[in-house]
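Trainee: I am new to this structure and would like a close look at a single part of it. Please take me through where the two chains meet, and then place that part among its surroundings.

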Amino acid sequence: MKLLAILLALAAPGAWAQDDFKGYVPPSERFSCEAPADWSAFEEEEPSGSAVHFLGPEDPSGAYRAGIDVHFVDSGRPGYVPAKTAIENLRRSEKLSQRQSTPVKRFAIGKGLARIFEVWEKRSVPGERSPSVAVALHHFVAVVESGEDYFVVRLSSAEEQYVDFRKVFVRFLKSFRAKG
Amino acid sequence: MLRSRTLLLACLLAWPALSRADEPGARPYDINSHPLSNREFGLLFKSSYTVKEDGTVWAPAAGGPVLSAEMPYLVEKLVRGQRLKALLTLNLILSRSQGEKHLTDSEREAIRATVRENWYYLNYDTRKDFKSYFNRDELDAMNAEAPLPRAPLTPMTGAILDDHDSEPEAEEEDRPRAAPPEGPTSLAGEPLDPSPRKETPSPDAPEMPVLDLTRPSAAAPPVPAAPPLMTPLALVRQPAPPPAPAAQLAPVPPAQAPAKPSPAPSAAKPAAAAPVPAAPAPAAPLAGGGVGSIAGLPAGMSREEYERLFPTQPPAPAPAPAKPAPAPAPELKAHAKEELAPTALVASVTPEQFQKFLLDAPYSRQVRAVLKLVSDHAPSFARDRSLSLVMTALPNIVIDPARTGRGLRHGIEEAPGRPVSIVLSPGPVLYEKKGLFFSGAEVVLSQSPDAYRDLGLPMPGLEAMNRETSPAKTSASDWGETLRFDDGSSRGSFTPEQQAGTLLAALLSLDLARRGQAAEPFTAELYCRTAQMMLYSRMDRERGSDEFLDRETRASYRQWVQGPSEFRDHLLHTMSAGMDGTVDPSRAGPAASAAAVKTALSFCQGGAAQASSKRDDSRRLQAQALKSAGLIEGRALDEAVAYIERNPSAPGEGGPEACRRLERELSDLQRTPRVAEELRAAELRWRAGGTP
């Protein structure tokens, strides 16, 4: 009996949801996840599929707002890029923006595996308005495959805050479930 | 016998004098029949010459009036004296200063005032030495008022050249030309070529056209052709009024031409006023030779001597043929002052139509070049929108760093009752605070005072902010041709190709706003920026390089090409941050926006107050960013914060007006999906086919 209760608790997706996180399913119902409760979310259609954006707090300078972006890449859309190529593009180095990335690692999500890595870059933000300050940015990136389709999950923040968001990213990924 | 011989000899000796007494040159100069220009009048008065009622000119403490033959020399002497005085004044200011690179504000202003006042008298080299004290607009205005004359191109061949045989002069000015004022007519009643700019005549100055005696070898200034009226293409254009035909010179009467000294090679006499009137009365020859042919030679002067003193000018240009009115585009509707209905179809604009429009468009040459780049490279879905906006609404498009507001690359000025202005920036100011061990973050700044006035702050005291400061060195960098200054600041420059993308985005932004399709700021900005990136993509393919973009734009462009989802995310994360403040994260997305507007509708004033506080937050963050960059001290930051609290952003209209605005916004939000769909379709075509 005790063993059954433990197994049921572990199987429930929201078993470890705490007050600061809440479950979320977008209108397209392509996935479900848990995101910080005070982050605002909306979904939009994209040329490659669809995207859900979770907007979190901004950095102390007010120049960049942290957030999680989940992009669904539909293999049936024109201009489809396979997951492997997408990862190479995302891990590209760029001297202009001092962009660099870490090696790819595997991360268990539900019954599958995600490929995760981190990206650093430096950009002037805001790009079109004065004063525009060079800010170091950090991105946690995960690519979750679902057949030929795949999801790109990215948590972006100012580099000075990214350590604080590591736990948020891990929890978000662990709660991520692709549907359909 | 001896007495008669003596008498005869005396008569022979006196005969030249007597004969000269009857010559026109020996008569007193009559200002009523041969008026001087206002400048020449001014010089005479400054030198205490007096003009009597009978038109004669008297030197101070002179026993007689100035003769006709002497007047050209007198004016020449006064002009040279004024030039010398100006140069001495400038030399005095510079010698008393700490050096040209360390001028105080008052010294700089004194130099500017002296140069501006005497621009007419300065030659080409001197103008070149001091032109760095003025900006482009000022230089254009000064050169328009006192253009340098052209050097004569061909020697006199002896053939009588007719006006109609000459080729029209190439158009030099790239500024829009104003219609020439209705000029005076000559005594013979023929219209005269008006000068490009006329000084305000003094009350005593005659209204007759002027005889410019200070141009011994100057060509007549090019006569601007009156441009056709600027009207929307759907309306019939009025044909351009034909320019006045060139004045005909009367043949030079014998024994009147003075022996005019040839001008110094370095002294380029500035051209002044209109050519000589074609009067039946004998006229003194134009110092500059004037237009048309000159028949006959002054008495007592050989042809070689005359050619040396009066080199032939190239004949005045034949009147430029009036440009035919362009065929009105049947697709375009004249919506110059009307609100465009949101569902109005976007008119298609062919390259030929736009090229024809550009010929007469009231834009500078630089702006026309940028518009041509837009026409040649914009993606089709954006091209028609942007160009039809230009052709129907005729927005003012200028390049002026002082008017872009917070915009680093462009600004938009809108005022009720006036056409909208799109102001492009020629380049940003860059600053990186140098520390002992570490450098601060680089900050990119606007050169517009409005960006700082809104924060209650003066413009940063950087040398790069002052366009009159001479740079320490110039070098190429990621921000284009960059001027570097001693205080560590620098000023970059945007290429015309980059400005074309910026202009395209600005035009689309205006068009979306006019059509009520900009209610959702993220979608609208994404639309404009995607079109901009597609334009850059075409240029990149043509040139094989994206080096024409500045650092940040290039980073954005490469991100758009290789990681389009990253491009969107980066845009959203920066637009929703407090410093930018364009996107409210609580109402990001069309659904959330609509819900927020509906809520605000029930509390009309409350919705506006919330928007105002977010704008004030943005202002505070901007001031903080300037402090972090080391551009202001802590005390200045405190004063800026206090200023923002005392002067909050306009909360918006209250009461019924606020409700109407929110209702409009709600209906505009319903058009957002259409814009997003149009963008998706265009980007899909690009991603699939590889070309926008």
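Mentor: What follows covers the contact between the chains, then a sheet in one chain and a core. Keep in mind that this is a predicted model.

Start with the interface. Chain B puts 50 residues into the contact, and chain A puts in 45 residues. Between them the two chains bury about 4,300 Å², and 55% of that area is on carbon and sulfur atoms. On the chain B side, the residues that lose the most area to chain A are B:E566, B:H573 and B:M579, which together make up 14% of what that side buries. Charged pairs also cross the interface: the rule finds 10 salt bridges between chain B and chain A. B:R558 forms a salt bridge with A:E94, with 2.6 Å between the closest N and O atoms.

Next, a sheet in chain A. Three strands form an open sheet in the order β1-β2-β11, with antiparallel pairing. Its edge strands are β1 (21-24) and β11 (177-178) of chain A, each pairing on one side only. Strand β2 (residues 31-36) of chain A pairs with β11(A) over two bridges, and A:R177 in β11(A) is the bridge partner of A:S32. Across β1, β2 and β11 of chain A lies helix α3 (residues 162-175) of chain A, which runs at about 155° to β2(A).

Last, the largest nonpolar core, which has 59 residues. Helix α13 (residues 521-543) of chain B supplies the largest share, 11 residues. Among the residues with the most contacts inside this core is B:L503. Beyond its neighbours within four places in sequence, B:L503 touches residues including B:V370, B:L371 and B:I422.

How values were computed:
Residues are numbered from 1 along each chain as its sequence is written. Chains are lettered from A and ligands numbered from 1 in the order in which they are written. This is a predicted model: local features need pLDDT of at least 70, side-chain atom pairs count only at pLDDT 80 or more; totals for chains, interfaces and linings use all residues. Side-chain values use heavy atoms; hydrogens and water are left out. A nonpolar core is a set of buried Ala, Val, Leu, Ile, Met, Phe, Trp, Tyr and Cys residues joined through side-chain atoms within 4.5 Å. Buried means under 20% relative accessible area, exposed over 50%, partly exposed in between (1.4 Å probe, protein chains only). Helices (H or I, at least four residues) and strands (E, at least two) are DSSP runs, numbered from the N terminus. Contact means heavy atoms within 4.5 Å. Two strands pair if DSSP finds at least two bridges between them. Axes are lines fitted to C-alpha atoms, for helices over the stretch in contact, and angles run from 0 to 180 degrees between N-to-C directions. Buried area is the accessible area (1.4 Å probe) that two parts lose on being put together, summed over both. A salt bridge is a side-chain nitrogen of Lys or Arg within 4 Å of a carboxyl oxygen of Asp or Glu.
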